Amino acid sequence: MESRKDTQIMDKDRESKNERAAGPKLSRRKFLAICAGAVVLAGGGWAFSRTQLADRLASHALGAAQGKPVLSYLRQVIATDNAHARTIMWQSDVKWQDAVVEYRLKGAKDIAASPAERETFTDDGVTVELYTARLADLEAGEAYEYRIKADGQCDDWHALQTDDGGAFSALIFPDSQSNDYTDWKHLAQGAAARNEGADFFINMGDLVDNGEDHRQWDAWFDAVAGIIDRIPVAPLMGNHETYNEDWKVREPVAYLHEFALPANGSEEFAGRYYSFDYGPAHFIVLDTQTDEAADFHQGLLETQQAWFREDVRKTDKKWKIVLMHKDPLQYRIANRPERQEGFSDEGRAWMPLFDEAGIDIVFSAHLHTYRNRGHIKNFERDASGPLYILTGVAGNVRYPGLWVDHALDKTVAPQPETDNYLTLCVKDAGVEIACFLPDGTEIDRETLQK
């Protein structure tokens, strides 16, 4: 399929730029030995610094000394109904039998508790103790606080705000895959600091460069520390989540475990696609990895399209927004005259359904370039169709000069391209989308009203 070809072209372009920098893959034994020696870790073409490792070990030591449960990567995950529910997850080296999430209205004395389920999974030779608690009796529009309690020890309180059904704002981060996650951390932390009122954040797929490499997942979570524990994440699966360390396609084991996502009614495709409500908007998150899944699952596209139609039919929200990793447009490629612009396999499969369903906005990613295409319907410019935004890149994997501008491009990020993020502000009367460079410089803004 064309999407697989795009990925191969992008990876080849990237390899030509990074082949001198990429180091050999470390064995598990050597990796542990290096950790013990507290030196810089390098492998798979990216770096994890001893400073990050030292900070994490120091945090664990301090927590233990203060009588707090030792845990890592505490996070909120988006729920189907964010006015009344939220999912809390974390990891630990400890097998707790009685771990719970305690929660209360901010400053209140009465404390409720929800038990956490413990799940053990092994990937990349590393076994993870993963804990998940689902809070389902929250009041809409209220400021809560929560903490982890295990073996009689309590963590600090963390903020949790429920949806009030009205206006909200969200951060949108394109592909964060990196060969050094420093830029991703800088972008995410800077965007969060400039948008302290954001209610949740979206990561548009290809969160990591290699879905099996546990060190990259560690780096991704480290980068959003202090953000993901206080506002929920709405993640998408990208094609890079499906790669093993030999760069062969596999089941996205880590991704499917690391995020307990809303149910979609399918046991076989659980966690791959889902929907959720926030304020006056209904979000539909698609799995565009049908090509990658073909070796393991049949019928992903057809099953998902049937689910999509039913999901849209049931919502009464004013705004309907689609999030998809692979882009629906196809671009010409520099120095490849045989490659024609048009629409990708994903575009041909999904855009007629978006027209039929009255979708308002389609956000996509994968190509690591920001493009505002305006409104498209029936595969041509039409003000009555959905607004299509290709969100750009949030990591440091870039393809300068690779794509030739498409006839439907309305706004293109300044070249040579760097990383960027978006803000999404939704009110009942209108939607405003803005795109920013890492320093907060605005490069595009779009509004919708109906």
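## A walk through the model, starting at helix 9

Select Trp350 and Phe354: both sit in helix 9, four residues apart, about one turn of the helix. Before going on, note that this is a predicted model, where local features need pLDDT of at least 70 and side-chain atom pairs count only at pLDDT 80 or more, while totals for chains, interfaces and linings use all residues. Residues are numbered from 1 along each chain as its sequence is written, and side-chain values use heavy atoms, with hydrogens and water left out. Helices (H or I, at least four residues) and strands (E, at least two) are DSSP runs, numbered from the N terminus.

**Helix 9**

Keep those two rings on screen. The structure holds 27 aromatic pairs; rings of Phe, Tyr and Trp (its six-membered ring) pair if their centres lie within 6.5 Å, with planes under 30 degrees apart called stacked, over 60 edge-to-face and the rest tilted. Trp350 and Phe354 have ring centres 6.1 Å apart and planes at 20°, so this pair is stacked. Trp350 and Phe354 are both buried, where buried means under 20% relative accessible area, exposed over 50% and partly exposed in between (1.4 Å probe, protein chains only).

Now show the whole helix, residues 345-357. Ten of its 13 residues are buried, leaving helix 9 mostly covered; among them are Asp345, Glu346 and Asp355. Where does helix 9 kink? Go to Met351, shortly before the proline Pro352, for a kink of about 30°; the bend at a residue is the angle between axes fitted to the seven residues ending there and the seven starting there. Try the distance tool on the end C-alpha atoms: they are 19 Å apart, which agrees with the 18 Å that 13 residues should span at 1.5 Å a residue (the expected span is 1.5 Å times one less than the number of residues). Step off the end and you land on Gly358, with a positive phi near 70°.

**Strand 8 and its neighbours**

Next, select residues 126-135, which make up strand 8; eight of the ten are buried, so this strand is largely enclosed by the rest of the structure. Add strand 7 (residues 117-123), which runs antiparallel to strand 8 and is joined to it by seven bridges; two strands pair if DSSP finds at least two bridges between them. Find Phe121 and you'll see it opposite Val128 in strand 8. Strands 7 and 8 form a hairpin with two residues between them, and in the turn Asp124 has a positive phi of about 60°.

Then bring in strand 4 (residues 86-92), which pairs with strand 8 over seven bridges, again in the antiparallel sense. Here Ile88 has Ala133 of strand 8 as its bridge partner.

**Backbone stops in the loops**

Jump to the loop between strand 14 (233-235) and helix 6 (253-258) for Trp247. Its phi is positive, near 65°, in a residue other than glycine. Phe379, in the loop between strand 22 (370-377) and strand 23 (380-381), also isn't a glycine and has a positive phi of about 70°.

One more loop: Pro416 lies between strand 26 (411-412) and strand 27 (421-426). The peptide bond from Gln415 to Pro416 is cis, with omega near -5°.

**Rings and charges**

For a last selection, pick Arg104 and Trp157: the arginine lies over the ring face, 4.0 Å from the ring centre. A charge sits over a ring if NZ of Lys or CZ of Arg is within 6 Å of the ring centre and within 35 degrees of the ring normal. Lys450 places its charged end over the ring of Trp319, 4.9 Å from the centre.
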